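Visitor: Hello, and thank you for showing me around. Please pick one part of this molecule for a close look, and then walk outward from there.

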Amino acid sequence: MFAYFWIFSETAVRILCVTPGFIIPPNFWVWTAFTHCYLETRVWLLLVDIITVGLCGKLLEPLWGAMEMLTFFALVNTSVAFLSVMFYIVIFTITSDPRYLFSVQIYGLAGYCAAVSVAVKQIMPDHVLLSLPCGKIRNRNVPLIVLLTSIILWPIGVIKGTYPIMFTAGLLSSWVYLRFYQHHSNGTAGDIADGFTLASFFPTVMQPPLIVISNAVFGFLVYLKLCKKPVRKFNLAASSSVILNIPGTEPHDAERRRQIALRALSERLNKVEQVSWPSTVDETKTADKNKSVGITMPPAFSEHQSSYLISTSSTSQSPQDIKIEDKPVDHQPSQTSSAASSSSEL
């Protein structure tokens, strides 16, 4: 809030903000590259800056640490100042209009807002922010949506023309830092995951030509030794297995994805209703009581044997509860008895 009160002093505004014609020789006001982010002239933009800084402290500081977050803040804002100055110098070179050097004032946290949106996209790219009839807005869509919105609001006077320039500079500088140069606790640098390419900021239809262009630019930067190719490490120490360390699957990347999966799982569990399941033990007992087994003994092999029908159930019963029905079976007289009767008749 203190930064807002600087606007009541024209001298303070002139000294703190970046003016392209004053930051270059012979004036060389280099300190403005570090102080312009503490100045804001509109209340609603000041509220946006406060929300952005609070979001950064809640999401990024637990993962990065306070020192890394301050480094990110200083690096992005300084890069935004110099990249914006370079843009207006190019415009001045084309148009020869001195207003682009001495009338333009660069200040605010527009670039840092873009940087935070890029960092959030890296951490939680698939988190749904808003569901609309035409589709879902996720974290990976935020940078491009805000950039297009700022371009639309500039001609109607809601924001100044420096805001889209600063936002674009913050988006590029933060992505380059997070993609190639940010150091991690395991000794690696950058994030070479496929979901964090520059083309991933754009719709799927536009990605194939952008991938070709970005690969060509990256190859040129590697040729100038400004960037390094991702190195794949193979650990052959174990004889029975091979461990592959491929960029994009580093431990810090796996930890980030694990946190995303846990958050998505907890959200789904909160939406699931409690379902009362029937007692399977009671059902089993009821089914067992209704079962009956009929066993029929085969016909007797001698004339004095009978067949028995034993009716029992699978429930626990005492031996007295088992009923045995005796059904005598008529047997044919044996050949010996037939012969004896015939001889007696004779």
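Guide: Happy to. Let us start at Asn 77: setting aside neighbours within four places in sequence, Asn 77 is in contact (heavy atoms within 4.5 Å) with Ala 33, His 36, Cys 37, Leu 109 and Tyr 112. This is a predicted model, in which local features need pLDDT of at least 70 and side-chain atom pairs count only at pLDDT 80 or more, while totals for chains, interfaces and linings use all residues. Residues are numbered from 1 along each chain as its sequence is written, and side-chain values use heavy atoms, with hydrogens and water left out.

Asn 77 belongs to helix α6; helices here are DSSP runs of H or I with at least four residues, strands are E runs of at least two, and both are numbered from the N terminus. With a relative accessibility of 3%, Asn 77 counts as buried (buried is under 20% relative accessible area, exposed is over 50%, and partly exposed lies in between, with a 1.4 Å probe and protein chains only).

One contact of Asn 77 leads onward: Tyr 112. Ring pairs join Tyr 112 with Tyr 38, Trp 64, Phe 72, Phe 73 and Tyr 177 in a cluster. Across the whole structure, the search finds 14 aromatic pairs (rings of Phe, Tyr and Trp, the last by its six-membered ring, with centres within 6.5 Å; planes under 30 degrees apart are stacked, over 60 edge-to-face, the rest tilted). Trp 64 and Phe 72 make an edge-to-face pair, 5.1 Å centre to centre with 75° between the planes. Trp 64 and Phe 72 are both buried. The ring centres of Phe 196 and Phe 201 are 6.3 Å apart and their planes stand at 50°, so this pair is tilted. Phe 196 is buried at 2% relative accessibility, and Phe 201 is buried at 5%.

Now to the helix packing. Helix α8 (residues 110-123) and helix α10 (residues 162-181) have axes that come within 7 Å and cross at roughly 40°. That makes α8 oblique to α10. Here the axes are lines fitted to C-alpha atoms, for helices over the stretch in contact, and angles run from 0 to 180 degrees between N-to-C directions; under 35 degrees is roughly parallel, over 145 roughly antiparallel, 65 to 115 roughly perpendicular, and the rest oblique. The crossing of α8 past α10 is right-handed (the near helix is turned clockwise from the far one by less than a right angle; anticlockwise would be left-handed). On the α8 side, the residues that meet α10 include Ala 110, Cys 113, Ser 117, Val 118 and Gln 122. Their partners in α10 include Tyr 163, Phe 167, Leu 171, Trp 175 and Leu 178. The contact of α8 with α10 is made of 12 nonpolar residues, 5 polar and no charged (Ala, Val, Leu, Ile, Met, Phe, Trp, Tyr, Cys and Pro are nonpolar; Asp, Glu, Lys and Arg are charged; the others, Gly among them, are polar).

Helix α10 also packs with α9, at an angle of about 160° and with the axes 9 Å apart. That makes α9 roughly antiparallel to α10. The α9 and α10 crossing is left-handed. Pro 143, Val 146, Leu 147, Ser 150 and Ile 151 from α9 meet Tyr 163, Pro 164, Phe 167, Thr 168 and Leu 171 from α10. The residues of that contact split into 8 nonpolar, 2 polar and no charged.

Just ahead of α9 is another asparagine. Asn 139 sits in the loop between β2 (135-138) and α9 (142-153) and counts as buried at 5% relative accessibility. Beyond residues up to four places away in sequence, Asn 139 touches Val 120, Lys 121, Met 124, Pro 125, His 127 and Leu 129.

Some backbone details are worth a stop too. Most residues other than glycine have a negative phi, and most peptide bonds are trans. The bond from Pro 25 to Pro 26, however, is cis, with omega near 10°. Pro 26 is in the loop between α2 (20-23) and α3 (32-35), and so is Phe 28, whose phi is positive, near 60°. Ser 96, in the loop between α6 (66-95) and α7 (99-102), has a positive phi of about 60° as well. Ser 96 is exposed at a relative accessible area of 55%.

Stepping back, the protein chain has 14 helices and 7 strands, and 30% of its 346 residues are buried.
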